[in-house]
Amino acid sequence: MNARRARTTIVLAGLALVAGACGGTPASSTPPSPQPVASSPSPVPSPSPVPSPSAEVVANPAPVVEGQPYRPDLPPPEDFVAVIDNPYMPFVPGARTVFEAVSDGQRERNVVVVTDRTKVILGVTTTVVHDQVFSANGDLAEDTFDWYAQDRFGNVWYFGEDTAEYDNGEVSSTKGSWEAGVAGAQPGVVMLAQPTVGESYHQEFLKGEAEDVGTVVAIDDRVTVPYGSFDRVVVTEDTTPLEPQILEHKFYAPGIGVVMERVLRGGQEVSRLVSYTPPS
């Protein structure tokens with residue numbers, strides 16, 4: 001996953017805090033500005049309920065442990081569910097998000113569609129998410145298929161990506177592609193069931209190719225993007241030892257998922273949500 005983009009069993013105490021974050025509708029009473037991709041934004045649906053407070057969860061199954069190799073506590077395939085409905089990363093087939101971005105002075109448009117396709121990886125049935133980046137003139141710049149799955153505790157796992165960069169209509173690079181279980185690659189977690197400030201986790205792992213790490217830095221932030229204003233926003237700080245000069249913040253709104261990404265160090269890039277179409 002590029003810049004734009006332990007099994008300790010505990011009782012799910014404090015789940016009410018997460019459940020309270022499931023309001024999922026833009027906080028602003030002012031309707032979002034009309035967007036070029038839609039005459040008016042679709043209403044934001046309420047996210048699916050979080051697990052019952054009586055359920056047990058795995059606390060950070062992809063922890064970052066200083067000085068130790070990464071060993072994800074991956075649940076068995078039967079502990080994964082069919083639908084990704086984590087309030088902060090709901091990948092329900094049919095959902096479509098559109099972002100407008102500026103990267104090093106160049107405008108881009110990013111379209112993310114949750115498909116109804118699946119791919120079995122390490123015995124787990126993952127959801128295929130199609131992520132495309134277009135340049136200012138409309139040319140396809142990057143085309144990626146990402147593979148995600150949610151365990152029954154609510155953690156959203158990332159199992160890899162098939163990505164290609166384009167130049168003048170031709171594939172110029174597939175660097176960054178990886179699949180869990182192939183060539184030593186291991187899955188990571190992109191959203192915890194219960195985000196906690198200060199918690200760090202591996203988002204992906206293929207040594208020398210994909211080593212992104214996320215750290216929760218806020219769980220009750222507020223952010224405004226062209227699509228609307230949101231509160232109860234989870235903010236993560238994303239880094240990678242492969243590019244230590246880069247530091248990025250991602251903002252996750254309940255009921256939608258990512259609404260903004262901003263590179264704070266090592267580049268000039270910001271991406272904001274301009275359109276959201278819920279699954280029909």
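**Exercise 1. Find the contacts of Leu122.**
Task: List what Leu122 touches outside its own stretch of sequence, then describe where Leu122 sits.

Solution, step by step:
- Setting aside residues up to four places away in sequence, Leu122 touches Leu74, Pro77, Phe159, Ala180, Gly181 and Pro187. Keep in mind as you look that this is a predicted model.
- Next, place the residue on the chain. Leu122 belongs to the loop between strand E7 (106-121) and strand E8 (124-135).
- Now take one partner, Pro77. Along the sequence Leu122 and Pro77 are 45 residues apart, while their C-alpha atoms are 7.8 Å apart in space.
- Finally, check the surface. The relative accessibility of Leu122 is 44%, so Leu122 counts as partly exposed, because that class runs between 20% and 50%.

**Exercise 2. Follow the salt bridges.**
Task: How many salt bridges does the structure hold? Work through three of them, asking which residues pair up and where they lie.

Solution, step by step:
- The count for the structure is 5 salt bridges.
- Start with Arg152 and Asp79, whose side chains meet in a salt bridge with an N to O distance of 3.0 Å. This pair links distant parts of the chain, 73 residues apart. Arg152 is in the loop between strand E9 (140-151) and strand E10 (156-167), and Asp79 is in the loop between strand E2 (56-58) and strand E3 (80-81).
- Is Asp79 buried or exposed? Its relative accessible area is 15%, so Asp79 is buried, the limit for that class being under 20%.
- Move on to Lys175, which forms a salt bridge with Glu209; their closest N and O atoms are 3.5 Å apart. Lys175 lies in the loop between strand E11 (170-173) and strand E12 (178-179), and Glu209 in the loop between strand E15 (204-205) and strand E16 (213-225), so this pair ties together parts that are 34 residues apart in sequence.
- Compare the two partners by their accessibility. Lys175 is exposed, with a relative accessible area of 58%, whereas Glu209 counts as partly exposed at 39%.
- End with Asp231 and Arg232, whose side chains meet in a salt bridge of 3.3 Å, N to O. Asp231 counts as partly exposed at 25% relative accessibility, and Arg232 also counts as partly exposed, at 26%.

**Exercise 3. Look at two positive phi angles.**
Task: Asn60 and Ala183 each have a positive phi although neither is a glycine. Find where each one lies and how accessible each one is.

Solution, step by step:
- Begin with the angles: phi is about 45 degrees for Asn60 and about 55 degrees for Ala183.
- Then find their places. Asn60 is in the loop between E2 and E3, and Ala183 is in the loop between E12 and strand E13 (186-191).
- Last, consider their surroundings. Asn60 is buried, with a relative accessible area of 6%, while Ala183 is exposed, with a relative accessible area of 70%.

**Exercise 4. Explore two strand residues.**
Task: Describe the surroundings of Thr236 and Val263, and find a residue that both of them touch.

Solution, step by step:
- Thr236 is in strand E17 (residues 228-239), and at 0% relative accessibility it counts as buried.
- The side chains of Thr236 and Asp238 are joined by a polar contact of 3.1 Å.
- Beyond four places in sequence, Thr236 touches Tyr201, Thr215, Val216, Val217, Glu248, His249, Lys250 and Tyr252.
- Val263 is in strand E19 (residues 257-265) and counts as buried at 11% relative accessibility.
- With neighbours within four places left aside, Val263 is in contact with Ile246, Leu247, Glu248 and Glu269.
- Put the two lists side by side: Glu248 appears in both. The C-alpha atoms of Val263 and Glu248 are separated by 4.2 Å, and the two residues are 15 apart along the chain.

**Exercise 5. Walk around a pocket.**
Task: What is the volume of the second largest pocket, and which residues line it?

Solution, step by step:
- The volume of the second largest pocket is about 220 Å³.
- Its lining is made up of Val64, Val65, Glu66, Gly67, Gln68, Tyr70, His202, Phe205, Glu211, Val213 and Pro241.
- Sort these residues by type, and the lining divides into 6 nonpolar, 3 polar and 2 charged.

How values were computed
Residues numbered from 1 in each chain as written. Predicted model: local features only at pLDDT ≥ 70, side-chain atom pairs only at ≥ 80, totals over all residues. Heavy atoms only, no water. Helix = DSSP H or I, 4+ residues; strand = E, 2+ residues; numbered from the N terminus. Buried < 20%, exposed > 50% of the residue type's maximum accessible area, 1.4 Å probe, protein only. Contact = heavy atoms within 4.5 Å. 1 Å grid on protein atoms, 1.4 Å probe; cavity = no way out; pocket = protein on both sides within 12 Å on 5 of 7 lines; lining within 4 Å. Points joined across faces, edges and corners; volume = space filled by probe spheres on them. Nonpolar A, V, L, I, M, F, W, Y, C, P; charged D, E, K, R; others polar. Salt bridge = Lys/Arg side-chain N within 4 Å of Asp/Glu carboxyl O. Polar contact = N/O pair within 3.5 Å; in protein donor to acceptor, adjacent residues only side chain to side chain.
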